[in-house]
Amino acid sequence: MSPAEARSSAPGKVILFGEHAVVYGRPAIAVPVTQVKATAVVKAAPRGSGLTLIASDLKKQIALATAPEDEPLAAAARLTLAHLKAHEPDATVTIRSTIPIASGLGSGAAVTTALVRALGGFLGHKLPPAEVSRLVFEVEKIHHGTPSGIDNTVVAYGKPVYFVRERAIERLKVGCPFTLLIGDSGIPSPTGKVVARVRRAWQREPAHYDALFDRIGDIADEARQAIEDGDVDALGPLMDENHELLIELGVSSSQLDDLVDAARLAGALGAKLSGAGQGGNVIALVEDDCMSDVETALMETGAVRVICTKVAAAD
Ligand code: PMV
């Protein structure tokens, strides 16, 4: 018997190091952002009504029976039902999210994670993170073609991760907590398009781009060591260097560069764009004494919001 109601939520995320290079097998580091989240609530509906998905933030109301194959929310529900070998229940799923869309904060992965888990719960199954992550990865492919899998992994596990494509997840130990300010440029970041552009550039000049990916991967490894050792001071310069390499990859923009410069000038230990780039977010590593100056600098340079998140040991 299904419960009358099941609910689940999932955090946003930011990539600290290694975006883009992670698509090409290099390591990356990402952490959950619990200050924003997506929530799904599944409630029983009258017999014969089937499954309806309501996402008012996205202005969507979808009947599963008639939804197209590539509709991401419907695909998430279908994949979950197939995985659990369950029939379509008579129920309504209401999805809400406080995660800005297309900003590199993992909104798509979080919405799907919340939906998959809540629907599983409604059907009497507590899905483990590995299964949730695998289902969300399938939906991520609809969102942007060739995802590395980092978004679904960090969001489904809800823990800091050191991620290498197609390898078992490695949890990241955080030796000493540190604080990030996430500055949202307010400009949508079209992940699929930016990833496709980098791929075309790599195909034209593989040796050059492979060398950039290698260095980005080395930075992620150095950052992992620094995070595990609690050597926060070492992280700032690594963020700065990673940003320079992202500029060389062609995924930054003048707005993102201005935000990064403003954060550094206001006292951040380091700053970089985070996620696909072109728009979306920058992240700045801050200590308590410069936090409000960096926040002000980001807002005065055009950020539409600034989120403060602390990266700490997971358990
Ligand atoms: O979804 P975003 O903006 O955080 O970008 C994902 C990170 C990329 O490395 C650019 C793509 C990927 O699939 O890993």
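A polar contact is a pair of N or O atoms within 3.5 Å. With that in mind, let us walk through this predicted model, starting at the ligand.

Look for His 20: a backbone N or O atom of this residue lies 2.8 Å from an oxygen atom of the ligand. Ala 276 also takes part through its backbone, with a polar atom there 3.0 Å from a ligand oxygen. Asp 151 uses its side chain instead, placing a polar atom 3.1 Å from an oxygen atom of the ligand. On its own the ligand exposes 370 Å², and the protein buries 97% of that area.

Now step back to the whole shell. The ligand is surrounded by 16 residues, with Lys 13 and Ser 148 among the closest. Seven of the shell residues are nonpolar, six are polar and three are charged. Strand E1 (5–17), helix H4 (150–157) and helix H5 (191–204) each contribute at least two residues to this shell.

Where does all this sit in the protein? The ligand occupies the space of the largest pocket. Because domain 1 (5–170) and domain 2 (173–311) both give residues to the shell, the ligand lies between the two domains.

Notes:
Residues are numbered from 1 along each chain as its sequence is written. This is a predicted model: local features need pLDDT of at least 70, side-chain atom pairs count only at pLDDT 80 or more; totals for chains, interfaces and linings use all residues. Side-chain values use heavy atoms; hydrogens and water are left out. A residue is near a molecule or strand if one of its heavy atoms lies within 4 Å of it. A polar contact is a pair of N or O atoms within 3.5 Å; within protein, one must be able to donate a hydrogen and the other to accept it, and residues adjacent in sequence count only if both atoms are side-chain atoms. Accessible areas come from the Shrake-Rupley method with a 1.4 Å probe; for residues, only the protein chains shown count as cover. On a 1 Å grid over the protein atoms alone, a cavity is a set of points where a 1.4 Å probe fits but cannot get out, and a pocket is an open set with protein on both sides within 12 Å along at least five of seven lines; lining residues have an atom within 4 Å of a point. A molecule sits in a cavity or pocket if more than half of its atoms lie within 2 Å of its grid points. Helices (H or I, at least four residues) and strands (E, at least two) are DSSP runs, numbered from the N terminus. Ala, Val, Leu, Ile, Met, Phe, Trp, Tyr, Cys and Pro count as nonpolar, Asp, Glu, Lys and Arg as charged, and the others, Gly among them, as polar. Domain bounds come from an automatic or database domain assignment.
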